[in-house]
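Q: Please look closely at one part of this model, the place where its chains meet, and explain it for a first-year student.

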Amino acid sequence: MVRLQPDPFLNELTSMFERTTEHGSVWVTLKHSSDKSKAQRNKMKTAGENLEFKCLIRATDGKKNISTMVGAKDHQRFQASYAILLKARLTALKKRERKDKRKATDSDKKMDISKKKSAAAKAST
Amino acid sequence: MVYITSWDDFVERSVQLFRADPEKASTRYVMKYRHSDGKLVLKVTDDKECIKFKTDQAQDAKKMEKLNNIFFTLMSRGPDADISEVGGKEQMEAQAPKKGRGRKQ
């Protein structure tokens with residue numbers, strides 16, 4: 001497991017997505033973690049110190065593992081970049097249903113317009 | 001383990017699972033994406049309970065973005081963080097375009 005800074009992590013994740021376009025999968029795991037071993041946690045507990053929790057992000061393509069930690073300060077920036085990355089990479093998903101919905105609303109519009117026209121025609125007669 | 005079909009159920013149950021015991025080391029949120037099959041699987045588990053959601057629709061990827069935001073917020077800020085803002089935006093955005101279409105008619 002390689003621990004990276006958030007930005008190099010996103011770059012590496014991008015190349016993982018690129019490597020798996022023809023075969024393979026990418027896994028991304030989010031975890032609430034203090035990044036301390038159990039012994040360290042117990043030590044801090046007995047010392048009465050507060051544990052600091054962060055978000056641990058791991059990614060793998062089955063061959064390579066990478067990870068990064070994101071805290072309260074930088075999670076918004078990270079999640080914005082991550083969202084852009086996903087938008088650019090998750091291109092194999094189907095878009096069909098949305099088009100159908102648009103068509104449905106279009107036909108609804110036509111229906112409404114024709115109704116209005118007929119209503120207007122009735123009003124004028 | 002069964003796949004949950006309703007997205008809203010999935011979100012609600014996964015947040016519940018995390019909040020039930022936030023300090024539990026085994027609780028995690030996993031996204032698996034398979035480009036060659038165009039499939040996306042989301043999983044939230046604490047090794048006792050497991051909630052999964054499977055999709056091949058691009059519109060669900062957009063919903064997932066909101067769930068990502070929720071989990072990033074919960075996990076980096078703590079389980080008591082306010083997620084109504086990240087969750088609330090989604091409803092605002094969903095309603096706004098509908099209103100727009102309505103006015104045009």
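In which sense do β2(A) and strand β1 (residues 28-34) of chain B pair, and over how many bridges?

A: The model is a predicted one, in which local features need pLDDT of at least 70, side-chain atom pairs count only at pLDDT 80 or more, and totals for chains, interfaces and linings use all residues. Residues are numbered from 1 along each chain as its sequence is written, while chains are lettered from A and ligands numbered from 1 in the order in which they are written.

The pairing of β2(A) with β1(B) is antiparallel and runs over six bridges. Strands here are DSSP runs of E with at least two residues, helices are runs of H or I with at least four, and both are numbered from the N terminus. Two strands pair if DSSP finds at least two bridges between them. Within this pairing, A:Val28 stands opposite B:Met31.

The strands belong to a contact that takes 33 residues from chain A and 30 residues from chain B; two residues are in contact if their C-beta atoms, placed from the backbone, lie within 7 Å. On the side of chain A that touches chain B, β2 (26-33), β3 (54-60), α3 (75-89) and α4 (96-124) each supply at least two residues. The largest share, seven residues, comes from β2(A). By class, this side of chain A has 14 nonpolar, ten polar and nine charged residues. Ala, Val, Leu, Ile, Met, Phe, Trp, Tyr, Cys and Pro count as nonpolar, Asp, Glu, Lys and Arg as charged, and the others, Gly among them, as polar.

A loop residue of chain A also meets chain B. A:Ala72 is found in the loop between β4 (65-70) and α3 of chain A. Leaving aside its neighbours within four places in sequence, A:Ala72 is in contact with B:Ser76 and B:Arg77. A:Ala72 counts as partly exposed because it has 16 C-beta neighbours inside 10 Å; a residue is buried with 20 or more other C-beta atoms within 10 Å of its own, exposed with 12 or fewer, and partly exposed in between, the C-beta atoms being placed from the backbone.

On the side of chain B, helix α2 (residues 58-77) has 20 residues and reaches 29 Å from its first C-alpha to its last, close to the 28 Å expected at 1.5 Å a residue. That expected span is 1.5 Å times one less than the number of residues. α2(B) is mostly covered, with 14 of its 20 residues buried. Just after α2(B), B:Gly78 takes a positive phi of about 110°.
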